[in-house]
Amino acid sequence: MKNIEIFTTADGSLGLYNKELDEIYHDENGAKTEAFEKFIRPALIIGDKAVDILDICYGIGYNTKTAIEHFKKIKSIDCLEINAELVYKSADFEFDEKINKIIAKNLVKPDLIHFYIDDARKSIKNLNKSYDIIFHDGFSPQKQAVLWSEEFISEIAKHLKKDGIYVTYNHSKPVLNALYKAGLNLGKTLVNDRMTAIVASFNPEMIKIPFSDVELGELNTKSAITYKDKNLDLTHSQIVQNREDEIQTSKLDTLSSYKKNQNY
């Protein structure tokens, strides 16, 4: 695959490294472990009801595959991914053979799983349903800000059911602020006192560990100024530069000033 290198992670599962972006798709400590800890475990709060799942930035499918392992009542999975080659290779990457066969079957004849191969900003507008679980697993905003803008996250939120759960690994202030502006309650999952994921929902009862008022206050600082992409068509560089310009003219407190005033 062009610009992609395959490597074996610590738990024996395969990971990918994008040479062009200098970014790994998966945690070196374990790609399959990462999928469970950062996406599946937080989403288990949804319970044992039948679910519709949206997997944004499918990659080679670890989140979707691991979801199939752990959610026994899945009505549908819609997967957004811009790299067609990754999608079609995903059925060949080391995983449970039965699940890989499900992926392969659905690549030919979509039934349980539907793949949308395009810029996720375009695909999200073509979806006409709501989801119980949404995984958002794009490259970091430092590499692909197009996947984390306030407007894109607003579009995602439109597809989340009232009692649904949104899950991401990304806990950067601009992303948290975009989720908050979309009307979502914010929370986090902790394993051994270490934050492993961000969860968000319209229903506060879906959030086990909510953000405190002090943490929410951080979203009203310069560091939480969101990435903007009004028409969902700007480049990464344009989005980043526009945010930098906004920060320069903003009269909001800096994060360090806010923390000092809060005595922490």
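Two exercises on a predicted model follow, one about a cavity and one about a buried threonine.

**Exercise 1.** Determine how many cavities of 30 Å³ or more the model holds, and work out which residues and elements line the largest cavity.

*Solution.* Begin with the count, which comes to one cavity of 30 Å³ or more, and note that the largest cavity has a volume of about 30 Å³. Next, collect the lining, which is made up of Ile134, Ile153, Ile156, Ala157, Leu160, Tyr166, Leu179 and Leu184. Then assign these residues to elements: helix 7 (150–157) and strand 8 (160–168) are the elements that give two or more residues to this lining, and helix 7 gives the most, with three residues. Finally, sort the lining of the largest cavity by class, which yields eight nonpolar residues, with no polar and no charged residues among them.

**Exercise 2.** Describe the surroundings of Thr64, deciding whether Thr64 is buried or exposed and which side chain makes a polar contact with its side chain.

*Solution.* First place the residue in its element, for Thr64 is found in helix 2, which spans residues 62–70. Then consider accessibility: the relative accessible area of Thr64 is 1%, and because buried means under 20% relative accessible area, Thr64 is buried. Now list the neighbours, leaving aside residues up to four places away in sequence, and Thr64 is found to touch Asp55, Tyr58, Ile77, Cys79, Ile103 and Ile113. Asp55, one of these contacts, also supplies the polar partner, since the side chain of Thr64 makes a polar contact with the side chain of Asp55 at 2.6 Å.

Technical notes: Residues are numbered from 1 along each chain as its sequence is written. This is a predicted model: local features need pLDDT of at least 70, side-chain atom pairs count only at pLDDT 80 or more; totals for chains, interfaces and linings use all residues. Side-chain values use heavy atoms; hydrogens and water are left out. On a 1 Å grid over the protein atoms alone, a cavity is a set of points where a 1.4 Å probe fits but cannot get out, and a pocket is an open set with protein on both sides within 12 Å along at least five of seven lines; lining residues have an atom within 4 Å of a point. Grid points are joined across faces, edges and corners, and a volume is the space filled by probe spheres set on the points. Helices (H or I, at least four residues) and strands (E, at least two) are DSSP runs, numbered from the N terminus. Ala, Val, Leu, Ile, Met, Phe, Trp, Tyr, Cys and Pro count as nonpolar, Asp, Glu, Lys and Arg as charged, and the others, Gly among them, as polar. Buried means under 20% relative accessible area, exposed over 50%, partly exposed in between (1.4 Å probe, protein chains only). A polar contact is a pair of N or O atoms within 3.5 Å; within protein, one must be able to donate a hydrogen and the other to accept it, and residues adjacent in sequence count only if both atoms are side-chain atoms. Contact means heavy atoms within 4.5 Å.
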